[in-house]
Amino acid sequence: MLVAAAVMLSLAACGQEEALEEADDAGDAGDSVQTAAGQDSTVPRFTGDGEFTMRYVASESLNPFTCDNAYNSAVLSLIYQSIFKVDENFRLESVLCSSIETEDNIVYYLSVEPVKMHDGSTLTADDVAYSINCGRTTGIYMSRLANIASCLVVEDRVQITLFSADATLPYDLDIPVIKYGTLDSAMPVGTGPYILNGTVLEPFSDYGKELPLDKIVLVELEDRQVPEAFAAGTIDMILDDTGDDLDYNFHNDYEARYYGTTWLQYVGFNASSPYLTSDVRKAIYCAVDRQGIIDSAYGGCGQPAPLILNSVHYAYPSAAENGAGYSVSRVESYVTAAKLKDNDGDGFLDYQSGDGYEPFTLRFIVCTNSGKKVHAAQLIADSLTSMGFKVELTKLDENSYLQALQEGEFDLYYGEVALKKDFDFSVILGSDGSLDYGGMGSETYDSLIESFLNAENDSAKREAASLLCTQVRDLASVVPVLYRQYAVYTQRGAIEGFSPTVSGALSDIENWTVYVK
């Protein structure tokens, strides 16, 4: 019983990835699994109802260019393939592109893999160009593809011309491919491993790779029904954005696979605030207990961000973390360097103004559209208060929050940004960043970001990442807090060889081994 309890506790703790990884490595029925308590336990394979079942939402779009529902997106990742995708470390991989060439990062030529489509035809450059143009003009990919001036077919290759040079164009082509002229049909023709027939996904016979499931059943559920259905085995997989305010409370044994995202939460500054000097910003940088915020506000789910780049990125400069984490002693050192002190004995720091000292209050704003973000901002405010800063945390509805940002009515703000998969930080750090509400961006960052994005090999990428992350750390232009994680929950022992990524939680299904009895 003690061993069983240890297993359950290790699974319930979202942040204990090491224990989960050990459990995920289990072999056939009866294999020995190392538990969090360091003891051996025999974990039988999951025995379900004989069908592999996934949740979907019938009332939401199943068109790959307009769908913005997480569950339906997972279903669509089994029906459609993308031109490119990224792996769990944000390394680019080709899917339907056999080669891509450019001499100036403005005009690209893309050759297409001649795979079979669901209607029996062979994928052509016309289909891919059509799909790109659909994305430029329709639905959820328009902003991502806004730099494309034209896309057409030239000598059986896709020619893409950009408005401005961009070495990372392939990251933007992580979009679904459909057959020419089928966008307006109820279900556009794709190339993925499965075809939707009513509420059942059936294998595509010409996919070319062996698939682990003969069918996948789709079922509709309300959020409140999910835990019970999962415990009963009538649903075999659940997708979860652990950063939103919906938290599942499961009462059965399960496996969780967490994967990184480009959703960055951070503290932004108002450059016009007279007391937010570089040393004060660096003090705030070191006053943020990132792991404490993840544990308390996000139930242990999330990746601490001592540096601005996601730590799972293949070019992440671990050495630059030195001096970037939570440290009371470093806060005190920066406070001293900033010449702040409690001059009037009220318990709060004052800043030097001429020959005297003046009190100040940090106006900190957060949007109430997320309870977890409000909780995170409160923890940061409490930490700063405990270190002598007087902080006024104001919780604003979305419209009021955006108005305050646009009018500069803040000193600090708790922000969130969904970066592109190439981690282009220009939106918050560039000299003309659309989300740089505090005016902290600069041409120096333009240059550093360009070097990072245009790096020609892994070595250059890592060097550029180190320079960028170090600059943000040393200037404290923003304070990165955490990257949100997504999760996929399955019954214990039900699936092996499963590695979800932000390019498609289920896009590697041909690598799975599934045990559903």
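User: Let's start with helices α8 and α10. What makes their packing count as oblique?

Analyst: Happy to walk through it, keeping in mind that this is a predicted model. Helix α8 covers residues 290-297 and helix α10 covers residues 371-386, and they pack at about 140° with 10 Å between their axes. An angle over 145 degrees would count as roughly antiparallel, and roughly perpendicular runs from 65 to 115. The value of about 140° belongs to neither class, so α8 and α10 are oblique to each other.

User: Which residues make that contact, and what is the hand of the crossing?

Analyst: The crossing of α8 and α10 is right-handed. On the α8 side, the contact comes from G292, I293, S296 and A297, while α10 contributes K372, H375, A376, L379 and I380.

User: Why are α13 and α14 given the label roughly antiparallel?

Analyst: The axes of α13 (residues 443-453) and α14 cross at roughly 150° and come within 8 Å. Antiparallel begins over 145 degrees, and therefore α13 and α14 are roughly antiparallel to each other. Their crossing is left-handed. Among the contacting residues are Y445, L448 and F452 of α13, with L468, Q471 and V472 of α14.

User: Y445 sits in that contact. How do you know whether Y445 is buried or exposed?

Analyst: The cut-off for buried is under 20% relative accessible area. Y445, in helix α13, has 1%, so it is buried. Leaving aside neighbours within four places in sequence, Y445 touches L429, M440, L468, Q471, V472, L475 and S477. For L429, which is 16 residues away along the chain, the C-alpha separation from Y445 is 6.2 Å.

User: Helix α14 has another partner, α7. What makes this pair roughly perpendicular?

Analyst: Helix α7 (residues 278-286) meets α14 at about 105°, with the axes 7 Å apart. The perpendicular class runs from 65 to 115 degrees, so α7 and α14 are roughly perpendicular to each other. The residues that meet are S278, R281, K282 and Y285 from α7, and V472, R473, D474 and L475 from α14.

User: Staying in α7, why is D279 called partly exposed?

Analyst: D279 is in helix α7 and has 22% relative accessibility. Buried would need under 20% and exposed over 50%, so D279 counts as partly exposed. Beyond residues up to four places away in sequence, D279 touches Y334, A337 and A338. The C-alpha atoms of D279 and S333 are 9.0 Å apart, although these residues are 54 positions apart in sequence.

User: Now the aromatics. Why is the pair of Y266 and Y413 called edge-to-face?

Analyst: A search of the whole structure turns up 17 aromatic pairs. Y266 and Y413 form one with 5.8 Å between ring centres and 80° between the planes. Pairing requires centres within 6.5 Å, and edge-to-face requires planes over 60 degrees apart; with 5.8 Å and 80°, this pair is edge-to-face.

User: What makes that pair a link between parts of the chain that are apart in sequence?

Analyst: Y266 is in strand β14 (residues 254-269) and Y413 in strand β20 (residues 412-418), so the pair ties together parts 147 residues apart in sequence. Both tyrosines are buried. Elsewhere, F90, F423, F425 and Y483 make up one aromatic cluster.

User: How do you know that R55 and R91 lie over rings?

Analyst: For an arginine, CZ must be within 6 Å of the ring centre and within 35 degrees of the ring normal. R55 lies over the face of Y71 at 4.5 Å from the ring centre, and R91 lies over the face of Y314 at 4.1 Å.

User: Last one: what makes the backbone at D156 and A476 worth a look?

Analyst: Most residues other than glycine have a negative phi. D156 has a positive phi of about 65°, and A476 has a positive phi near 50°. D156 is in the loop between β8 and β9, whereas A476 is in the loop between α14 and β21. Their surroundings contrast too: D156 is exposed at 69% relative accessible area, while A476 is buried at 0%.

Note on methods
Residues numbered from 1 in each chain as written. Predicted model: local features only at pLDDT ≥ 70, side-chain atom pairs only at ≥ 80, totals over all residues. Heavy atoms only, no water. Phe/Tyr/Trp six-rings, centres within 6.5 Å; stacked < 30°, edge-to-face > 60°. Helix = DSSP H or I, 4+ residues; strand = E, 2+ residues; numbered from the N terminus. Buried < 20%, exposed > 50% of the residue type's maximum accessible area, 1.4 Å probe, protein only. Axes fitted to C-alpha atoms, helices over the stretch in contact; angles between N-to-C directions. Parallel < 35°, antiparallel > 145°, perpendicular 65-115°, else oblique. Left-handed = near helix turned anticlockwise from the far one by under 90°. Contact = heavy atoms within 4.5 Å.
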